[in-house]
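Me: I would like to go through this structure with you and ask, label by label, what each one rests on. Please set every value against its definition before you conclude.

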Amino acid sequence: MRKHGIFGAAALCVLLLWGIFCPPAGAAVLSTPEAAGGADSVYVAGNPDWYPIEYYDPDTGCYEGVLPELLERVGEKTGLNFTYIRAGEEDQRLRLARNGQVELVSGCTPDDPVLGEAGVTASGAVLTVPQEGGELEVCFAYTKIAGDGLTAAVEGALGELSRQETAGIAVSFLMERPESAYPAWLFPAGAAAALLLLAVIAVLAVRLRRYQKAAGQDRRFDPVTGIGNKAYFTERFEKFIPDQYRGLYCVVFIGFDIARVNQYYGETEAEEQLHFAANELLLGTADNEIAARVSGGGFAVARPSSGEQEAGAWTETLLERLNRYTEKYGKDYRPDFHAGIYMLQPSDRDCETVLFNVRQGYQRALAGNTAFAFSRPELLRQESEKLELKKQTLEAVQNREFRMFLQFVVRGKSGGIVSAEALSRWDHPQKGLLHPGSYIELMESEKTIAELDFYIFEEACRQLEHWQKQGRKLSISCNFTRITIDHESFIPQLKRIADRYFFERSSLVIEITEDTMENNKETAFANVSRCKALGFRIALDDTGSGYTSFSDLRDYPIDIVKIDRSILNAAVNDRGIALLKGMIALAHSLQMEVLCEGVETAAQADLLRRLECDYLQGYYFYRALPKEEADRLLDTRDRHAEA
């Protein structure tokens, strides 16, 4: 008997260890505070306060205990997903069962009042707990919407669970409470010691399964909203949309600016908005559709569609519901959801590519401030070209494909050339000469913009040395993006380049933009001050287009204020002229010189002279020229002056 008992125990240990290291692929047991879970879930109403049988853990936002673990085992055996809905600290079993919102009621006893009032059917006992004067049976119960098939599947799986597995689950939770002893109800008479040993071994399996379950949920489900995440969407997209019908589906990407909501309204508000959006998506999608959160503020839906007209109408309806968030919850701002739509092609099997494609429509909708936009072939071709350019930018700097152009600046009173602004152009091997608008943003996103900034800076230093040797007393201004100035190596690299060339340091002007001072004030102020200490002059570019405060003008060591062309273009009436005049006067009162850019007409030039603007720049005087042509123009001017 003893030998058989040892071999039996050993066999069971082997089975348990097999379960630890080779667990069967199972479905999930989830919790959601919403009124609904995933479309493929069995909904469960739980008992929130019956430790360790079943209880709600507010730290994890999930139901824990013996019964949820048993449902996990049932899911592994049957492939069912179980979702505790309306998860929280209040007992809502009666209401959920009576309203027909759940198939399963958990944490019951045969004489539980919930059973009678809700009209549900109790299962057989899954646990027997001793109590004064007898024993207490713990069971599940099935509501009227459960169906015979579900009931049979759950009961069959529960019947296959051994007493040892059930004991191991219970001991796992009791071991986490040092004050708890192992209760007698875990151990049938005559086998207490052996069963305790096996139960403790089973604890290892239970705990490991719990961690594996949590990891699995992290991979497939979004912890904030409770719906599927990108991994979930990818899995379903690639496995459950039939190839022969793929061309009859569309993918819709819906999103809002979550970074802005976080910044101005806080993370709690952002999470509330995510919950709202997820719930609206679940309400608006059918069983044959896939909905998931695939990015910070972005959701994706894959659904059958008869064409662009139907897809657009469905998306418009969904956006109307989402953008009613403000009035529905009394918020003081509009969430401003937008969407992109991509009609699938029969060959679209790679989910990553599809999500990239549909996001292009979303980005187009954002840029155009429209509700939604389609990701059509022409748009995707343009985006593909941008992506290819982005990959080529760093190599282009290394191959010296960028060229420095110079746009001359004239003195306001005399009209004589006094300086030039250094600009870049990309001499692309296949596309020809590209203007900054086609590559600057790409280089900023690719983090290669600093290489271009320093490349043009060195070209400017070389040009100043050349002019100084010729006896020309001209200055050059160089633009540096916020990304470059914010970097810790900005000053050392700037000094290292400048030290290679011989020129008067005050003839080089470092241009900064208003967003440089707004983004990282301490770093910007320190680096700009160091530039000034190195002998360079400082210009504030695009003044009037951003958020410069009077204190910034007071505190920063600014020599030149460059007024944005939008201020000049608006100076067509008394108020516009008064604003321009006031900005010039303010700069002069702070001992700063003023340059106005974007001068394109004689009338604008005359106005600026009357307002005593120091320097003028624009197409009315000179266009941007390659540095070689700029030198020839200066030579020609000098010859005419001599004549």
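Me: Which elements of the protein chain have the lowest and the highest mean pLDDT?
Reply: With pLDDT being the predictor's confidence in each residue, from 0 to 100, helix 1 (residues 2–21) has the lowest mean, 39, and strand 24 (residues 615–617) has the highest, 96. Helices (H or I, at least four residues) and strands (E, at least two) are DSSP runs, numbered from the N terminus. Over residues 1–26 the pLDDT is below 50, and this stretch has 22 contacts in the model beyond near neighbours in sequence, contact meaning heavy atoms within 4.5 Å. The pLDDT is also below 50 over residues 177–212, a stretch with 65 such contacts. The protein chain averages a pLDDT of 81, and 82% of the residues score at least 70.

Me: What kind of model is this, and how are its residues numbered?
Reply: This is a predicted model, in which local features need pLDDT of at least 70 and side-chain atom pairs count only at pLDDT 80 or more, while totals for chains, interfaces and linings use all residues. Residues are numbered from 1 along each chain as its sequence is written, and side-chain values use heavy atoms, with hydrogens and water left out.

Me: Why is Cys108 called buried?
Reply: Buried means under 20% relative accessible area, exposed over 50%, and partly exposed in between (1.4 Å probe, protein chains only). Cys108 has a relative accessible area of 0%, and therefore counts as buried. Cys250, at 0% relative accessibility, is buried by that rule too. Across the protein chain, 49% of the 643 residues count as buried.

Me: How do you know how many disulfides the structure holds?
Reply: A disulfide is a pair of cysteine sulfur atoms within 2.5 Å, and the structure holds zero of them. Cys108 illustrates the test, because the nearest cysteine sulfur, that of Cys139, is 5.4 Å away, and Cys108 is in no disulfide.

Me: What makes Glu238 partly exposed?
Reply: Glu238, which lies in helix 8 (residues 230–240), has a relative accessibility of 40%, so the value falls between the limits for buried and exposed. Leaving aside its neighbours within four places in sequence, Glu238 is in contact with Arg246, Arg349, Asp350 and Cys351. The C-alpha atoms of Glu238 and Cys351 are separated by 6.8 Å, although these residues are 113 apart along the chain. Ser529, in helix 20, is likewise partly exposed, with a relative accessible area of 24%.

Me: Why is strand 6 described as largely enclosed by the rest of the structure?
Reply: Five of the five residues of strand 6 (residues 81–85) are buried, so the strand is largely enclosed. Both of its faces are covered, with Asn81, Thr83 and Ile85 buried on one side and Phe82 and Tyr84 buried on the other.

Me: How do you know which strands pair with strand 6?
Reply: Two strands pair if DSSP finds at least two bridges between them. Strand 1 (residues 29–32) pairs with strand 6 in the parallel sense over four bridges, and Thr32 has Ile85 as its bridge partner in strand 6. Strand 2 (residues 41–45) also runs parallel to strand 6 and is joined to it by four bridges, with Tyr84 as the bridge partner of Val44. Both pairs therefore meet the criterion.

Me: What makes strands 3 and 5 edge strands?
Reply: Three strands form an open sheet in the order 3-4-5, with antiparallel pairing. Strand 3 (49–50) and strand 5 (62–64) each have a single partner strand, so one side of each is left without a neighbour in the sheet. Strand 3 is joined to strand 4 (residues 54–57) by two bridges, and Tyr55 in strand 4 is the bridge partner of Asp49.

Me: Why are the buried residues of helix 18 said to line one face of the helix?
Reply: The buried residues of helix 18 (residues 490–498) are Phe490, Ile491, Leu494, Ile497 and Ala498. Seen down the helix axis they fall within an arc of 135 degrees, so they line one face; the arc is that of the directions from the helix axis to the C-beta atoms. These buried residues pack against helix 16 (449–470), helix 17 (482–486), strand 20 (508–513) and helix 20 (521–533).
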